[in-house]
Amino acid sequence: MPAEFFDPISDHKTPPTYFFFDGTSWKGSESGKTVPVVSPIDGSPVGNLPVVTTNEIDQVMASATAAQPAWEATALNKRVSVIHLAADWIRQYQEYLTNLMVREIGKSAEEAKSEIVRTADLIDYFADEAEALRGETIDSDNFPGYEKGKIAIVERVAHGVVLAIAPFNYPVNLSASKIAPALLMGNSVVVKPPTMGGISGLHLVRIFEKAGVPPGVITAVTGTGDVIGDYLVRHPKISMVAFTGSSDTGLAIAGKSPMKPLLFECGGNNPVVVMPDADIALASREIIKGAFAYSGQRCTGIKYVLTTPAIREQLLSQIVKLMPEMVKAGDPRSPDTKMVGPVISEQAAVHVEEVIQESVKNGATVVMGGKREKAMIEPTILTGVIPTMPVIAKETFGPVVSFVDVQSFDEAVTIINQSSYGLQASVFTKDEGTGIVFGSKLHVGSVQINGSPQRGPDHFPFLGVKHSGVGVQGVRYSLEAMSRIRPIVLNKPQ
Ligand code: G3P
């Protein structure tokens, strides 16, 4: 039992009230207000999070700003050691963190464990890659009209204070994917965990603190976005915002953070195109995995399939056969549950149900699922969907996949490119050349050929275009995004 390790972060009542971290101490808010975190599995209380005040945010920002220069001045190899130790602690507390996450956000035990293990590996990889980053020097005489009189010494330096806002679906991994590169590049980090998933997020912050991140360099503030969000993102001491979440929230934050570097990954609404020569069995398995893993609550989840009516029928007959073996909906604490447990809250499930019903009213057909019980949505397949129907006009964060019939694959390109989203798309074809040519026509961040959309492996570049994001993540890309170059130009008398 990791009592001592995580002891200071809550009051240990039942349910516990957790504290925010001002950079030195874990404490309750002077507001006296808290927000409850409720398990999506059974509605039981997991704990409460403090709603911090603007005054507390100011104090946190002041500490983060004051602590940053000394942290940036610390030898990189020392910062790297701290970050590796955080990865070790995550492994040490893997089981505890897994159980917490299952209860807090309703991931299956397998999915939660994989998030924890992946996070430790990611942090280690970040630390190794940070040591490999190099600056450069540039001579002046490469440019027409210049002699050898100047040399630019180009170093990477920190932005300052990074605000890291993580979503509920990967509360540990998508916090660490911001915290680790920000710290390695010499920034201080103010972490704003999600509300659901916030307890797991605070545990992660505690791990970085215990690993040796100095006072003020990492802090964590909690409270609902509608209460503290505006004040945080507009705060003048924030130098950069790193955010993962919905496109609507991303757009709102971007509008409030002018002239600041942004690293955003937002909604996906990812399409799959299945060509006539595709391996139908492979495409069917990937569609099931892509649509239903973590109950469809992944930015990289598959949301719709574009293909001809003939291929759609072949896919559906395979998918219906494969579903019982691949998907077992149920309580995520049970080792039998595969992929589909509850969505994050009953309110979220009601929304998904409404969107399904509205699309059916507009002409879509439910081939499978479609029903809700509390926070559980049955794995759902719809056909006859058109792009203006609510189920795909906006990203539906639930276990729902829609089939959209096209008469030609040019029509599929038009539909994908007209979408306001652009995270990933998948193309299934046995002819890889055709896949590459087709993929290069799509206005999305990345194209997968013969595989479902996904972020990993985590050192691959990961980005969204249009309303799906700004900036590029992936290990080296995140380190670059979390720093800026500083050229110093030496003018040499000739
Ligand atoms: O934000 C990315 C997340 O929603 C999906 O990540 O690893 O499931 O593809 P992953």
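These legends walk you through close-up views of a predicted model of a protein with its ligand.

**View 1. Two domains make up the division of this chain.** Start with the overall layout: domain 1 covers 3-266 + 472-486, and domain 2 covers 270-457. Their C-alpha centres are 31 Å apart. Where the domains meet, 22 residues of domain 1 are in contact with 21 residues of domain 2.

**View 2. The ligand lies between the two domains.** Why is the ligand said to lie between them? Domain 1 and domain 2 both contribute residues to the shell around the ligand, so it lies between the two. Look for the ligand in the second largest pocket.

**View 3. A mixed shell of residues surrounds the ligand.** Which residues should you look for around the ligand? They are Arg 118, Asn 169, Tyr 170, Leu 174, Thr 244, Glu 265, Arg 298, Cys 299, Thr 300, Gln 454 and Arg 455. Sorted by class, this shell holds three nonpolar, four polar and four charged residues.

**View 4. Oxygen atoms of the ligand meet polar atoms of the protein.** At Tyr 170, the partner is an N or O atom in the side chain, 2.4 Å from a ligand oxygen. At Cys 299, a polar backbone atom lies 2.7 Å from an oxygen atom of the ligand. Arg 455 also offers a polar backbone atom, here 2.9 Å from a ligand oxygen. How much of the ligand does the protein bury? Taken alone, the ligand exposes 310 Å², and the protein buries 98% of that area.

Notes. Residues are numbered from 1 along each chain as its sequence is written. This is a predicted model: local features need pLDDT of at least 70, side-chain atom pairs count only at pLDDT 80 or more; totals for chains, interfaces and linings use all residues. Side-chain values use heavy atoms; hydrogens and water are left out. A residue is near a molecule or strand if one of its heavy atoms lies within 4 Å of it. A polar contact is a pair of N or O atoms within 3.5 Å; within protein, one must be able to donate a hydrogen and the other to accept it, and residues adjacent in sequence count only if both atoms are side-chain atoms. Accessible areas come from the Shrake-Rupley method with a 1.4 Å probe; for residues, only the protein chains shown count as cover. On a 1 Å grid over the protein atoms alone, a cavity is a set of points where a 1.4 Å probe fits but cannot get out, and a pocket is an open set with protein on both sides within 12 Å along at least five of seven lines; lining residues have an atom within 4 Å of a point. A molecule sits in a cavity or pocket if more than half of its atoms lie within 2 Å of its grid points. Ala, Val, Leu, Ile, Met, Phe, Trp, Tyr, Cys and Pro count as nonpolar, Asp, Glu, Lys and Arg as charged, and the others, Gly among them, as polar. Domain bounds come from an automatic or database domain assignment. Contact means heavy atoms within 4.5 Å.
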